[in-house]
Amino acid sequence: MNRSSEHTALDFTATLPAADFIARFRDPERIAAYCRACPNYGRSWACPPFGFDMDDYLAGYRTALIIATKITPSNPGLPFREAGRLFRPERVRHESRLLDMERRYGGRAFAYAGTCLYCPEGCCTRPAEAPCRHPEWVRPSLEACGFDLCRTSEELFGIPLLWSCDGRIPEYLMLVSGFFHNAGTIEWEE
Ligand code: SF4
């Protein structure tokens, strides 16, 4: 568990065959429609549309390690605009660990959807059609690859995603990322 004065973060993991994860939780047409409705669509190199074939991108891995972090704010009822600030340290922790696993084991990391961590907000080079400044760090999210994370969180971890309906952060937030690999057993926390 990670704890700060502002939140606690509890990690859950699930390991399953990558082919099973794709068959059970990938719904690319429906999820792509959600992505097209997002203001980041086509405006960040971390977001769709991508210039590669997604089926090829996901192929060739035996195992999917899925990581879900439940983030519970210390102060209930915070305005929803504070959510990014609560997510950020956990996103940094996930992405740093995922990139480290890519270096150590090969495989493919999937980060969390949302604004990219690596440039100031609103400064992505994509709207100007210039190359990404940090392709060595940026990885698409599972959602961006067509996975349904509502069902993933409920069915693999028994934790439903919650939404804000009154402009406030719900009881908890969920961060879901993943790692496809061929490396045998990998522990998330070492
Ligand atoms: S690193 Fe910068 S340029 Fe690359 S996707 Fe992120 S915001 Fe865009």
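The following exchange explains how several descriptions of this predicted model were reached.

User: Why is C35 called buried or exposed, whichever applies?

Analyst: The relative accessible area of C35 is 16%. Buried means under 20%, so C35 is called buried.

User: What makes C116 count as buried, partly exposed or exposed?

Analyst: C116 has a relative accessibility of 27%. The partly exposed class lies between 20% and 50%, and C116 therefore counts as partly exposed.

User: How many disulfides are there, and how do you know?

Analyst: The count comes to zero disulfides. C35 serves as an example: the nearest cysteine sulfur, that of C38, is 7.0 Å away. A disulfide requires two cysteine sulfur atoms within 2.5 Å, so C35 is in no disulfide.

User: Which pocket holds the ligand, and how do you know?

Analyst: The ligand sits in the second largest pocket. That statement requires more than half of the ligand's atoms to lie within 2 Å of the pocket's grid points. The second largest pocket has a volume of about 310 Å³. Its lining comprises 21 residues, with R43, S44, G122, C123 and C124 closest to the centre.

User: Which residues surround the ligand, and what classes do they belong to?

Analyst: Among them are S44, W45, C116, R133 and H134. The shell has eight nonpolar, three polar and one charged residues.

User: Which helix gives the most to the lining of the largest pocket?

Analyst: That helix is α4, with seven residues. The largest pocket holds about 1300 Å³ of space, and its lining has 33 nonpolar, six polar and nine charged residues.

Conventions. Residues numbered from 1 in each chain as written. Predicted model: local features only at pLDDT ≥ 70, side-chain atom pairs only at ≥ 80, totals over all residues. Heavy atoms only, no water. Near = heavy atom within 4 Å. 1 Å grid on protein atoms, 1.4 Å probe; cavity = no way out; pocket = protein on both sides within 12 Å on 5 of 7 lines; lining within 4 Å. Nonpolar A, V, L, I, M, F, W, Y, C, P; charged D, E, K, R; others polar. Buried < 20%, exposed > 50% of the residue type's maximum accessible area, 1.4 Å probe, protein only. Points joined across faces, edges and corners; volume = space filled by probe spheres on them. Helix = DSSP H or I, 4+ residues; strand = E, 2+ residues; numbered from the N terminus.
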